[in-house]
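Reader: I'd love a close look at the surroundings of the ligand in this model, followed by how the rest of the chain is put together. Could you walk me through it in one go?

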Amino acid sequence: MDILITGSVAYDYLMTFPGLFKEQILSERLEKISLSFLVDSMSRQRGGIAPNIAYGLALLGERPRVMATVGEDFGEYRQWLENAGVDTALMQVIPGIYTASFFATTDQLNAQIASFYPGAMAHAAEQSLREVKPRPDLVVVSPNDPLAMKNFAAECRELKIPYLYDPSQQVLRLEGAELARDMEGVRFLFVNDYEFGLISKKTGLDLEHMLKHMDVLVITCGADGSTVYANGREYNIPIVPEVCIVDPTGVGDAFRSGFLAGYARGFGWELCGQMGALAATYCLEQKGTQNHSYTRAEFVARFRQHFDDKGALDALVRE
Ligand SMILES: Nc1ncnc2c1ncn2[C@@H]1O[C@H](COP(=O)(O)OP(=O)(O)OP(=O)(O)O)[C@@H](O)[C@H]1O
Ligand SMILES: [Mg+2]
């Protein structure tokens with residue numbers, strides 16, 4: 001199955017401050033605030049929603065395409081994705097600017113001060129699905145430049161390409177009418193439970209009404225697992241227990257990748273959800289969003305310790 005993923009592509013620069021922000025911030029001097037934190041670690045991680053989802057799909061044997069705008073500093077990231085099995089031909093370099101960058105400093109209490117520079121992502125709306133050959137079987141519309149998200153959803157409807165709408169963090173800045181329009185008739189809507197509540201409030205649609213407007217709704221609830229609503233049925237998917245939680249960043253993206261890898265192979269909804277749960281747990285066990293890895297045989301063996309695939313996953317091992 002040809003899955004094309006749109007969404008942010010970013011480098012995450014993560015620093016740790018070996019003290020407490022609250023001890024450095026003088027509330028009576030806020031107007032003249034000028035602080036520089038001497039940090040004791042920094043790492044640059046490959047991030048962004050679209051490559052995170054694509055990376056997980058590639059681990060499970062798919063060859064997804066990512067469509068996005070990136071900066072001149074993207075070279076080694078492209079190489080990494082290509083080596084992982086992601087098709088980067090539609091990742092277009094915008095001359096003279098940087099790839100979107102997230103700079104975050106975290107203190108000893110996990111308080112965080114961060115900035116996000118959109119960089120090349122601000123050009124995402126210059127790309128169009130109309131020019132993409134061949135037509136993909138499924139498009140993922142995930143958080144990106146707001147105009148690009150709106151355009152890609154509209155192009156999917158116009159070109160009659162089934163799409164997965166994944167508004168995630170952007171739910172905060174999308175209006176109810178916009179959300180309702182871009183959710184209408186989608187193949188999939190993926191949200192966490194908090195985002196579901198927010199969408200419901202903004203659009204005035206409750207669960208029952210929402211389900212009338214789409215094929216499949218997936219609501220993830222962190223450590224409480226997830227629920228897949230499809231064909232008038234409801235599948236409750238438990239989590240796969242982790243060995244240790246190292247970093248929860250990117251679990252939602254990893255869940256989507258596991259789910260879609262099952263969908264690409266034509267598996268039932270419950271199995272898709274269970275694959276998502278296991279893919280998410282692997283991500284939770286490593287720092288960063290693309291630093292976990294497994295062979296397909298390892299994935300299947302671990303899967304079978306928790307769920308029954310009735311032999312369906314044999315296909316992954318045989319490849
Ligand atoms: N602590 C956990 N242990 C095991 N699995 C987890 C845990 N937290 C999340 N998961 C898995 O990941 C899925 C998605 O998690 P969650 O609902 O937190 O996504 P999210 O809020 O979109 O995350 P993010 O946006 O931070 O990536 C869950 O349905 C579950 O299967
Ligand atoms: Mg999320």
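Author: Happy to; what follows starts at the ligand and then moves outward through the chain.

Please keep in mind that this is a predicted model. The shell around ligand 1 holds 21 residues, and the closest are Asn-192, Thr-220, Ser-226, Gly-252 and Ala-280. Two elements each give two or more residues to that shell: helix H8 (251-264) and helix H9 (269-284). By class, the shell of ligand 1 divides into 10 nonpolar, 9 polar and 2 charged residues.

Let us stay with H8 for a moment. Helix H8 has 14 residues and spans 20 Å from its first C-alpha to its last, close to the 20 Å expected at 1.5 Å a residue. H8 is mostly covered, with 14 of its 14 residues buried. After H8 comes Gly-266, which has a positive phi near 75°.

Other closest residues lead to the strands. Strand E11 covers residues 214-220 and strand E12 covers residues 226-230; the two run antiparallel and are joined by 5 bridges. Thr-220 and Ser-226, both among the closest residues to ligand 1, thus sit at the facing ends of E11 and E12. Within this pair, Leu-217 has Tyr-229 of E12 as its bridge partner. E11 and E12 form a hairpin with 5 residues between them, and Gly-222 in the turn has a positive phi of about 50°.

E12 also pairs with strand E13 (residues 233-237), again in the antiparallel sense and over 5 bridges. Here Ala-230 is matched with Arg-233 of E13. The hairpin of E12 and E13 has 2 residues between the strands, and Asn-231 in the turn has a positive phi of about 50°.

Asn-192, another of the closest residues to ligand 1, belongs to strand E10 (residues 186-192). E10 is mostly covered, as 5 of its 7 residues are buried. E10 pairs with E9 in the parallel sense over 2 bridges, and Leu-164 has Phe-188 of E10 as its bridge partner.

From E9 the path goes on to helix H4, since the buried residues of H4 pack against strand E9 (163-165), as well as strand E1 (3-6), strand E8 (138-141) and helix H5 (176-183). The buried residues of H4 are Ala-148, Met-149, Asn-151, Phe-152, Ala-153 and Cys-156. An α-helix has 3.6 residues a turn, so residues three or four places apart point the same way. H4 itself (residues 146-159) has 14 residues and reaches 20 Å from first C-alpha to last, close to the 20 Å expected at 1.5 Å a residue. Lys-160 follows H4 and has a positive phi, near 60°.

Helix H2 (residues 49-59) is largely enclosed by the rest of the structure, because 11 of its 11 residues are buried. Among them are Ile-49, Pro-51, Tyr-55 and Leu-59. Gly-61 follows H2, with a positive phi near 95°.

A few backbone details may interest you as a computational chemist. Most residues other than glycine have a negative phi, and most peptide bonds are trans. Asn-110 has a positive phi near 70° and lies in the loop between strand E6 (100-106) and E7. Asn-110 counts as exposed because it has 7 other C-beta atoms within 10 Å. Lys-310 also has a positive phi, of about 50°, and is found in the loop between helix H10 (296-303) and helix H11 (314-318). With 9 C-beta neighbours inside 10 Å, Lys-310 is exposed. The peptide bond joining Lys-133 and Pro-134 is cis, with omega about -10°; Pro-134 lies in the loop between strand E7 (112-117) and E8.

Finally, the whole chain. The protein chain has 11 helices and 13 strands, and 40% of its 319 residues count as buried. Its radius of gyration is 20 Å, which agrees with the value near 20 Å for a compact globule of 319 residues. The C-alpha atoms fill a box of roughly 60 × 45 × 40 Å along the principal axes. Of the contacts with a separation of 6 or more, 68% are between residues 24 or more positions apart. For a sense of the span, Leu-38 and Leu-211 are 50 Å apart in space, C-alpha to C-alpha, and 173 residues apart in sequence.

Notes: Residues are numbered from 1 along each chain as its sequence is written. Chains are lettered from A and ligands numbered from 1 in the order in which they are written. This is a predicted model: local features need pLDDT of at least 70, side-chain atom pairs count only at pLDDT 80 or more; totals for chains, interfaces and linings use all residues. Helices (H or I, at least four residues) and strands (E, at least two) are DSSP runs, numbered from the N terminus. The radius of gyration is taken over C-alpha atoms; the globule rule is 2.2 Å times the number of residues to the power 0.38. A residue is buried if 20 or more other C-beta atoms lie within 10 Å of its own, exposed if 12 or fewer, and partly exposed in between; C-beta atoms are placed from the backbone. Two residues are in contact if their C-beta atoms, placed from the backbone, lie within 7 Å. The expected span of a helix is 1.5 Å times one less than its number of residues. Two strands pair if DSSP finds at least two bridges between them. A residue is near a molecule or strand if its C-beta atom, placed from the backbone, lies within 6 Å of it. Ala, Val, Leu, Ile, Met, Phe, Trp, Tyr, Cys and Pro count as nonpolar, Asp, Glu, Lys and Arg as charged, and the others, Gly among them, as polar.
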